[in-house]
Amino acid sequence: MHKSEITIEVTLFCPFECPICSSDASLNGKPLKFDDIESFLRKNLPPSGIYDRIDLSGGEPLSHPDIWKILNLCHKIAKKVRLYSNAIDEWAFNTTIIKNAKFIANVPLAPNVDIHIPSPEDLEIHVLKFIPQGRGKKLQPLNIHFSSNITNPEKCNSCTNITLKGDGTVAKSPCRKDDIIG
Ligand code: SF4
């Protein structure tokens, strides 16, 4: 079975022990052996000999004792390497070496979980649908509905809804209330 993208949970150690953790990671979690990670990656190499992307997650992947070796291996056999980590508050990098670093904030949607949306500058927001697995297996998934101005922004252009505003003016649809039409 060959995949162009592949995910490895390099360790089940994590100090945060979130109740929704899909890996059931904890302070007692152990890392995978480097040799096992390498043989898994080589066995599943796509026919091109290079993955489009390798995702390294956990637990907390930066706690893996061989994380540098793992990263070096991944960079040799993947166009991109993505690391999921909660170990660093501020990340500084050298643009001579990494020209287009990408930062992604994962926002998990789950019952009784604090939702924090970071500042949008230079940040791509990924909203994660909670999947009941791992330690979160017993929690109920949320009934999530995205409004059509997210799923189908083009629809807003043809929307014929109108709104009587609190100041007596008439505007276009509730998401275009700055467009006064009467
Ligand atoms: S791996 Fe992520 S979700 Fe799991 S306990 Fe650690 S921080 Fe929380």
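1. Domain bounds here come from an automatic or database domain assignment, and for the protein chain that assignment gives domain 1, covering residues 5-144, and domain 2, covering residues 147-182. In this model, which is a predicted one, the C-alpha centres of domain 1 and domain 2 lie 39 Å apart.

2. On confidence, the protein chain averages a pLDDT of 89, and 98% of the residues score at least 70. Among the elements, helix α2 (residues 67-77) has the highest mean, at 98, whereas helix α4 (residues 155-158) has the lowest, at 78. As a general caution when reading any such model, predicted coordinates should not be read in detail where pLDDT is low.

3. As to secondary structure, the protein chain contains 4 helices and 7 strands, and if one follows the elements from the N terminus on, they come in the order β-α-β-α-β-β-β-α-α-β-β.

4. The overall dimensions deserve a careful look, since the radius of gyration of the protein chain is 22 Å, while a compact globule of 182 residues would have a value near 16 Å. Along its principal axes, the C-alpha trace of the chain spans about 70 × 40 × 35 Å.

5. Of the 182 residues in the protein chain, 13% count as buried. Turning to contacts, if one takes those in the protein chain with a separation of 6 or more, 54% are accounted for by residues that stand 24 or more positions apart.

6. The surroundings of the ligand can be listed residue by residue: Cys 14, Phe 16, Glu 17, Cys 18, Cys 21, Ser 23, Ala 25, Gly 58, Gly 59, Glu 60 and Asn 86. By character, this shell around the ligand divides into 5 nonpolar, 4 polar and 2 charged residues.

7. One residue that a reader new to the structure may wish to locate is Pro 132, which is found in the loop between strand β5 (124-129) and helix α3 (148-151). Is Pro 132 buried, exposed or partly exposed? Pro 132 counts as partly exposed because it has 14 C-beta neighbours inside 10 Å, where a buried residue would need 20 or more and an exposed one would have 12 or fewer.

8. Leaving aside residues up to four places away in sequence, Pro 132 touches Lys 137, Leu 139 and Pro 141. The C-alpha atom of Pro 132 is also separated by 7.4 Å from that of Ser 22, although these two residues are 110 residues apart along the chain.

Notes: Residues numbered from 1 in each chain as written. Predicted model: local features only at pLDDT ≥ 70, side-chain atom pairs only at ≥ 80, totals over all residues. Near = placed C-beta within 6 Å. Nonpolar A, V, L, I, M, F, W, Y, C, P; charged D, E, K, R; others polar. pLDDT = per-residue confidence, 0-100. Helix = DSSP H or I, 4+ residues; strand = E, 2+ residues; numbered from the N terminus. Rg over C-alpha atoms; globule rule 2.2 N^0.38 Å. Contact = placed C-beta atoms within 7 Å.
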